[in-house]
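Please open the model in your viewer and keep the sequence panel visible. The tour below proposes a series of selections and states what is found at each.

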Amino acid sequence: DTGRTVIRGGLVISATEEMHADVLVEGERITALAATGSTLAESWTSGDARVIDAAGHYVIPGGIDAHTHMEFPFGGTQSSDTFETGTRAAAWGGTTTIVDFAVQTVGSSLREGLDTWHAKAEGTCAIDYAFHTIVSDVTEDTLKEMDVLVDEGVTSFKMFMAYPGVFYSDDGKILRAMQRAADNGALTMMHAENGIAIDVLVEQALAAGKTDPRYHGEVRRELLESEATHRAIQLARVAGAPLYVVHVSASEAVAELAQARDMGLNVFGETCPQYLFLSVDNLAEPDFGGAKYVCSTPLRPVEHQATLWRALRTNDLSVVSTDHCPFCFSGQKELGRGNFAKIPNGLPGVENRMDLLHQAVVDGHISRRRWIELACTTPARMFGLYPRKGSISPGADADIVVYDPNARHTISASTHHMNVDYSAYEGKRVTGMPRTVLSRGRVVIDDDAYVGSAGHGRYVPRSTCDYLT
Ligand code: URP
Ligand code: ZN
Ligand code: ZN
Ligand code: ZN
């Protein structure tokens, strides 16, 4: 249905303001806002407009999850959500755009990786999607391809200081790619952990018989995150390139980001719900249960959470993405029984992010405008999706969530829609949930029903980062 829709009587929340307003949607776009009860707003509901009653609810931009891994190959297996199941679950959770990672494998081109990921996603997604590319093999050809991809809307490249032999790049390769990114306006995203040192500690732990999931957290030391973060920042300075550090978990790494930002550098940081709500204690759960919480960077001691919340308030961290990379406990996480290094890395979460961050509003960690900024507006601006995505404004895509701030529910694998056999937040009680979700003007979640369709979601080419000076 592509007619007129009026979302009436809700509290429209943006990153900077809140107002009781009606929102007019025509076709795939938002065309106007007007104060609820005004003559203009009343005029919209005459005729055949569909009216969505948002009284008592928030009206917010659809969430933008700038870090997901659907159908992601890792450790001899593949993440368990397809683009179809993962984007449907995202919609259930109030997220209407994902930016996923196409993977360049060693010996292949960026083009091959991107084509492969386009083929996975095309015709299957419930919501809109875009791509970053993981750069695993920096060659002269790769550098030239980067320019072409930027023109196709792939304006950010993730590199890894971790995972030697898989995605890892040495400092020379990182510097070269950063120089190219500086030239073509792209953003370098960094997985900042010293993988060479970590691999030594992994080997030593296993040799000492330390094979349980909790040793995953012990070997991936905070210092090896902050050291890599520091090094990535210096390399970016040398290259004159902007930098976005993904999945920041350690206070020590936050300190590096804060220092760089105080110097006025174009350095940005992202964290994820798992680092805000879970801790290293989860890695020690019995009966190999800790495997459910194995991701990299790892979960940290609970004290780190306060630093992350503070950094989210001060903007030393400016985006919350999920790094959604689900593996079933049964048959996938279990690959690492007897050897924590063989547990596929990653946590499910694309469906939970908006609600967990709303819970942070309820808990007093962030304001509700900051919630929208961290989950919608800044990701859109950071990754070149703004103003098409990330705000409720005339001209923007009608990606809108009618959010019930009072709906209590319990997060559980028995009720979630992600294709994974456990929840990292099992039993957690949260207040707030999406009631109606629109993707480009089409209702995809209608109270307790999914009414979208695979293939509604389209590829969105991105422009460059809106924060670069
Ligand atoms: O453990 C994680 N984070 N898995 C996904 C891949 C990555 O490094 O982001
Ligand atoms: Zn990573
Ligand atoms: Zn990731
Ligand atoms: Zn309601």
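Helices and strands are here DSSP runs, a helix having at least four residues and a strand at least two, and they are numbered from the N terminus. The model is a predicted one.

**The whole chain**

Begin with the entire protein in cartoon view. Its secondary structure amounts to 14 helices and 19 strands. The radius of gyration is 21 Å, close to the 23 Å that the globule rule gives for 469 residues, so the protein is as compact as a globular protein of that length. Along the principal axes, the C-alpha trace extends about 70 × 50 × 40 Å. Colouring by burial would mark 57% of the 469 residues as buried. Of the contacts with a separation of 6 or more, 75% are between residues 24 or more positions apart.

**Residues 58-442**

Next, select residues 58-442, to which UniProt, in an unreviewed entry, assigns the feature "domain: Amidohydrolase-related". This span is 37% helix and 19% strand, and its end C-alpha atoms lie 18 Å apart.

**Helix α4**

Now select residues 140-151, which form helix α4, and show their side chains. Which residues of α4 are buried? They are Thr 142, Glu 145, Met 146, Leu 149 and Val 150. Seen down the axis of α4, the buried residues fall within an arc of 140°, so they line one face of the helix. On the other side of α4, the exposed residues are Glu 140, Asp 141, Lys 144 and Asp 151.

To see what covers the buried residues of α4, add α3 (110-121), β10 (128-134), β11 (156-160) and α5 (171-184), which are included in that cover. Then move along the chain to Gly 153, which follows α4 and has a positive phi, near 95°.

**Lys 158**

Continue to strand β11, where Lys 158 is found. An unreviewed UniProt entry places the feature "modified residue: N6-carboxylysine" at Lys 158. Is this residue buried or exposed? Since a residue counts as buried when 20 or more other C-beta atoms lie within 10 Å of its own, Lys 158 is buried, with 22 such atoms within 10 Å.

Finally, display the contacts of Lys 158, leaving aside its neighbours within four places in sequence. Two histidines, His 132 and His 191, are among them. Lys 158 is also in contact with Phe 101, Ile 134, Val 135, Met 189 and Val 246.

Key: Residues numbered from 1 in each chain as written. Chains lettered and ligands numbered in written order. Predicted model: local features only at pLDDT ≥ 70, side-chain atom pairs only at ≥ 80, totals over all residues. Rg over C-alpha atoms; globule rule 2.2 N^0.38 Å. Buried ≥ 20, exposed ≤ 12 C-beta atoms within 10 Å, placed from the backbone. Contact = placed C-beta atoms within 7 Å. Arc of directions from axis to C-beta. UniProt positions renumbered as here; feature names shortened; annotations may be inferred.
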